[in-house]
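Please open the model in your viewer and keep the sequence panel visible beside it. The tour below proceeds from one selection to the next.

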Amino acid sequence: MPRGISGDGSIGGLQKAAILLIALGPEKSAHIFKHLKEDEIEELTLEIANTRSITPQIKETVLDEFYQVLLAQQYIAEGGIGYAKELLEKALGQDKAMDVIGKLTASLQVKPFEFVRKTDASQLLNFIQDEHPQTIALILSYLSPSQSALIISALPPDRQSDVARRIAMMDRTSPDVIKEVERVLESKLASLVNQDFSIIGGIDAIVEILNTVDRGTEKHIMETLEIEEPELADEIRKKMFVFEDILLLDDRAIQRVLRDVDNNDLAIALKGSNEEVQNTIFNNMSSRLSVMIKEDMEFMGPVRMKDVEEAQQKIVNIIRKLEDSAEIVISRGGGDEIVV
């Protein structure tokens with residue numbers, strides 16, 4: 001009996017994964033391994049090593065199931081669970097379609113407000129702008145940053161900061177509350193809400209939104225928060241633009257920033273950055289200065305992560321200061337992309 005088949009002829013999930021990777025070959029499997037955890041890689045490696053032979057029929061069965069799941073995921077992304085079920089039923093029949101969808105949704109976390117996320121932002125704004133700020137914050141926490149940015153930018157100024165604060169301070173929301181809001185919004189996905197408490201909102205959520213809105217809206221929200229919630233505002237500001245985001249600047253802006261940066265701070269900051277950031281910085285300075293900075297980085301030896309972070313934050317502060325004075329423009333998803 002070939003390895004991978006149990007006594008009743010069924011194939012386990014780990015066995016299917018091993019068979020799939022063997023069928024895909026080493027090159028494609030290596031790419032997949034890059035996205036797995038260490039314990040998952042160990043389990044799969046052991047399973048692959050212990051797999052002796054695979055019949056063409058088993059290989060075909062596993063590849064066919066993999067294709068069906070990929071197809072279902074694509075349909076769900078395009079139009080939701082209902083759309084995926086309809087198309088799969090036409091292709092596979094009702095029983096097979098339900099089996100594929102069932103396997104997928106068992107591990108797939110379908111976000112609440114899936115239906116709302118496919119609604120035009122301007123239409124959604126008309127529907128929710130008169131709701132309580134907490135309700136608006138809950139909905140925006142589940143939308144894409146670009147959608148949320150459009151909506152929060154169109155809210156009255158006094159509501160913008162209130163909603164932003166509520167998103168940032170949101171932690172866990174009861175499934176019953178989510179379902180009730182979904183019911184009001186006539187969502188078709190209320191039955192798919194995970195019964196565990198859903199973790200939403202938080203600092204990262206509002207940072208993503210503020211990084212996408214236009215600069216005017218961002219400044220108003222941050223200035224209001226600095227008065228009403230100074231600690232929260234400071235925490236948000238620290239996350240809003242990290243050192244690696246220097247890649248969002250064009251060459252002229254980077255060159256302007258480098259004029260105000262201390263060379264020692266730059267060497268320490270680059271010591272802890274990735275190759276793409278380093279190359280971008282070096283490409284925007286003279287070859288002589290580039291060689292000097294590289295030599296400084298080499299000779300300074302190991303650097304404490306705390307020192308790297310402090311040096312990077314100094315440079316980030318310079319970038320934000322130059323943006324505030326309109327000397328440089330940070331490319332973002334809102335109206336700041338338009339230059340006149």
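What follows is a sequence of selections, each with a description of what is found there.

**The whole chain**

Begin with the entire protein, bearing in mind that this is a predicted model. Colour the chain by secondary structure: the assignment comes to 19 helices and two strands. The protein has 340 residues, of which 39% count as buried. Consider next the contacts between residues at least 6 apart in sequence: 74% of these join residues at least 24 apart. Finally, display charged side chains throughout; a search of the whole structure finds eight salt bridges. Some of these are visited below.

**Helix α7: Leu-125**

Select residues 121-128, which form helix α7, and pick out Leu-125 within that helix. Is Leu-125 buried or exposed? Its relative accessible area is 12%, so Leu-125 is classed as buried. Now add Ile-151, Ala-154 and Leu-155 to the selection; these are the residues that Leu-125 touches once those up to four places away in sequence are set aside. For one of these partners, Leu-155, the C-alpha to C-alpha distance from Leu-125 is 8.3 Å, across a separation of 30 residues in sequence.

**Helix α10: a network of salt bridges**

Move to residues 157-169, helix α10, and show the side chains of Arg-165 and Asp-162, both of which belong to this helix. As general background, side chains of opposite charge can pair when their charged atoms come close. Arg-165 and Asp-162 form a salt bridge with an N to O distance of 2.8 Å. The two residues are three apart in the helix, or about one turn.

Add Arg-166 to the view. What does the side chain of Arg-166 meet in a salt bridge? The partner is again Asp-162, at 3.1 Å from N to O. Because Arg-166 and Asp-162 lie four residues apart in helix α10, about one helical turn separates them. Arg-166 has a relative accessibility of 21% and therefore counts as partly exposed. The cut-off applied here is that buried means under 20%. With all three side chains displayed, one sees that Asp-162, Arg-165 and Arg-166 are linked in a network of salt bridges.

**Helix α15: Arg-256**

Select residues 251-259, helix α15, and centre on Arg-256. Arg-256 is a charged residue, and its relative accessible area of 15% means that it counts as buried. Show Asp-260 as well: Arg-256 forms a salt bridge with this residue, and their closest N and O atoms are 3.1 Å apart. Asp-260, with 39% relative accessibility, counts as partly exposed. Then extend the selection to Leu-322, Glu-327 and Ile-328, with which Arg-256 is in contact when neighbours within four places in sequence are left aside.

**Helices α16 and α19: a crossing**

Display α16, residues 263-271, together with α19, residues 305-324. How do the axes of these two helices cross? They come within 8 Å and cross at roughly 120°; α16 and α19 are therefore oblique to each other. The crossing is left-handed.

To view the contact itself, show Asp-265, Leu-266, Ile-268 and Ala-269 on the α16 side. On the α19 side, show Asp-307, Val-308, Ala-311, Gln-312, Lys-314 and Ile-315. Sorted by class, the contact between α16 and α19 has six nonpolar, one polar and three charged residues.

**Helix α19: Val-316**

Remain on α19 and select Val-316, which is placed in this helix. Its relative accessible area is 4%, so Val-316 counts as buried. Add Phe-241, Val-242 and Phe-243, which Val-316 touches when residues up to four places away in sequence are not counted. Among them, Phe-243 is 73 residues from Val-316 in sequence, yet the C-alpha atoms of the pair are 5.9 Å apart in space.

**After α19: Ala-326**

The last stop is Ala-326, in the segment that follows α19. Which backbone angle deserves inspection here? Phi of Ala-326 is near 65°, a positive value in a residue other than glycine. As a point of reference, most residues other than glycine have a negative phi. Turn on the molecular surface to finish: with a relative accessible area of 63%, Ala-326 counts as exposed.

Methods
Residues numbered from 1 in each chain as written. Predicted model: local features only at pLDDT ≥ 70, side-chain atom pairs only at ≥ 80, totals over all residues. Heavy atoms only, no water. Axes fitted to C-alpha atoms, helices over the stretch in contact; angles between N-to-C directions. Parallel < 35°, antiparallel > 145°, perpendicular 65-115°, else oblique. Left-handed = near helix turned anticlockwise from the far one by under 90°. Contact = heavy atoms within 4.5 Å. Salt bridge = Lys/Arg side-chain N within 4 Å of Asp/Glu carboxyl O. Buried < 20%, exposed > 50% of the residue type's maximum accessible area, 1.4 Å probe, protein only.
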